[in-house]
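Student: Could you take me through one part of this model up close? I'd like to follow the charged side chains and see what they hold on to.

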Amino acid sequence: MPTEMPAETRLATVTLSLAPINAAASLRDQAYARLKQAIAQTDIYGTREEIRLDEKELTEALGVSRTPIREAMTLLEQEGFLRTVPRRGVYILRKTKKEIVEMIHMWAALEGAAARLATLRAPDEDIAVLRRMFVHFGSKTPADQIEEYSEANITFHQAIVELSQSPIIVDTIKNIFMHVRAIRRMTIAQSDRASRSIVDHMNIIEALERRDTERVERLVREHSLELAAFVDAHCDFLD
């Protein structure tokens, strides 16, 4: 008989953004890609409640049977995005504060290396795109457009990694991106971090434009380490 869920256990109601998949390609692979993208776009740290995935809802949203959904969830669990609780179901995996801080430290090292390579490999026109990401904010402060700025902030960091033109760095960093992205989004509005963030971004862009390899690596690394310090000092709710 299934074990009844304890009364004190609270579950968050989260609707993943999903679209039916194309049956012409591997159903498992498509389900995996859609689920992973949807999880990455979900505010998994915005609530302390457990976020449980409903298999029936997923099959209806994606328009496939349960088999490819289960296969996709198995892959995502192996990669550390989901966890299975016997007799309760499958949940989106959230990291502890210590794990998040360690992941940001890893991100800082990898993004710093990516920025260094970008000064050696990225075309001028690709670096120029970084500056255009923030032009439309105009005279308003980031805090006045926090949601829009938060997305630009995340896109900025992802773009630096891609400018490295290093498949190894891109592949290594992708599985921690979901958690670091969620934490960046959640903390950007706190303690005037948005205003300080855009100053850091401008300094990074200028260093990239000057092809200042040593400076840009240091600036990028220090920028992410500041986030790690902030999480360590202010995000006890993650435990």
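**Around a partly exposed glutamate**

Tutor: Let's start with Glu-50, which is partly exposed at a relative accessible area of 21%. Keep in mind that this is a predicted model. The side chain of Glu-50 meets that of Arg-83 in a salt bridge, with N to O at 2.6 Å. Arg-83 is partly exposed too, at 26% relative accessibility. Glu-50 belongs to strand E2 (residues 50-53) and Arg-83 to strand E3 (residues 82-85), so this pair ties together parts 33 residues apart in sequence.

Stay with E2 for a moment, as the strand has two faces. Ile-51 and Leu-53 make up the covered face, while Glu-50 and Arg-52 sit on the uncovered one. E2 also pairs with strand E4 (residues 89-92): the two run antiparallel and are joined by two bridges. Within that pairing, Arg-52 stands opposite Tyr-91 of E4.

Now move along to Glu-55, which lies in helix H2. With a relative accessibility of 19%, Glu-55 counts as buried, because the cut-off for buried is under 20%. Its side chain forms a salt bridge with Arg-66, at 3.4 Å from N to O. That pair links distant parts of the chain, with Arg-66 in helix H3 (residues 66-78) and Glu-55 in helix H2 (residues 55-62), eleven residues apart. Arg-66 is partly exposed, with a relative accessible area of 38%. Glu-55 has another arginine to talk to as well: its side chain makes a polar contact with the side chain of Arg-70, at 2.9 Å. If you skip the neighbours within four places in sequence, the contacts of Glu-55 are Arg-66, Ile-69, Arg-70 and Met-73.

For a link with a longer reach, go to Glu-217. This residue forms a salt bridge with Arg-116, and the closest N and O atoms are 2.7 Å apart. Here the pair links distant parts of the chain, 101 residues apart: Glu-217 sits in helix H9 (residues 213-234) and Arg-116 in helix H4 (residues 97-121). Glu-217 counts as buried at 19% relative accessibility, whereas Arg-116 is partly exposed at 29%. Going back to the earlier group, Glu-55, Arg-66 and Arg-70 are joined into one network by salt bridges that share partners. The structure holds 17 salt bridges, and the ones we've walked through are among them.

To round off the picture, look at the nonpolar side. The largest nonpolar core has 45 residues, and the members that touch the most others are Ile-183 and Val-231. Helix H7 (residues 167-187) gives this core its largest share, nine residues. Ile-183 is a handy place to centre your view: leaving out neighbours within four places in sequence, Ile-183 is in contact with Tyr-45, Ile-100, Ile-104, Leu-227, Val-231 and Leu-238. Another core, of 23 residues, lies apart from that one, and its members include Ala-122, Tyr-149, Ala-159 and Ala-207.

Key:
Residues are numbered from 1 along each chain as its sequence is written. This is a predicted model: local features need pLDDT of at least 70, side-chain atom pairs count only at pLDDT 80 or more; totals for chains, interfaces and linings use all residues. Side-chain values use heavy atoms; hydrogens and water are left out. A nonpolar core is a set of buried Ala, Val, Leu, Ile, Met, Phe, Trp, Tyr and Cys residues joined through side-chain atoms within 4.5 Å. Buried means under 20% relative accessible area, exposed over 50%, partly exposed in between (1.4 Å probe, protein chains only). Helices (H or I, at least four residues) and strands (E, at least two) are DSSP runs, numbered from the N terminus. Contact means heavy atoms within 4.5 Å. A salt bridge is a side-chain nitrogen of Lys or Arg within 4 Å of a carboxyl oxygen of Asp or Glu. A polar contact is a pair of N or O atoms within 3.5 Å; within protein, one must be able to donate a hydrogen and the other to accept it, and residues adjacent in sequence count only if both atoms are side-chain atoms. Two strands pair if DSSP finds at least two bridges between them.
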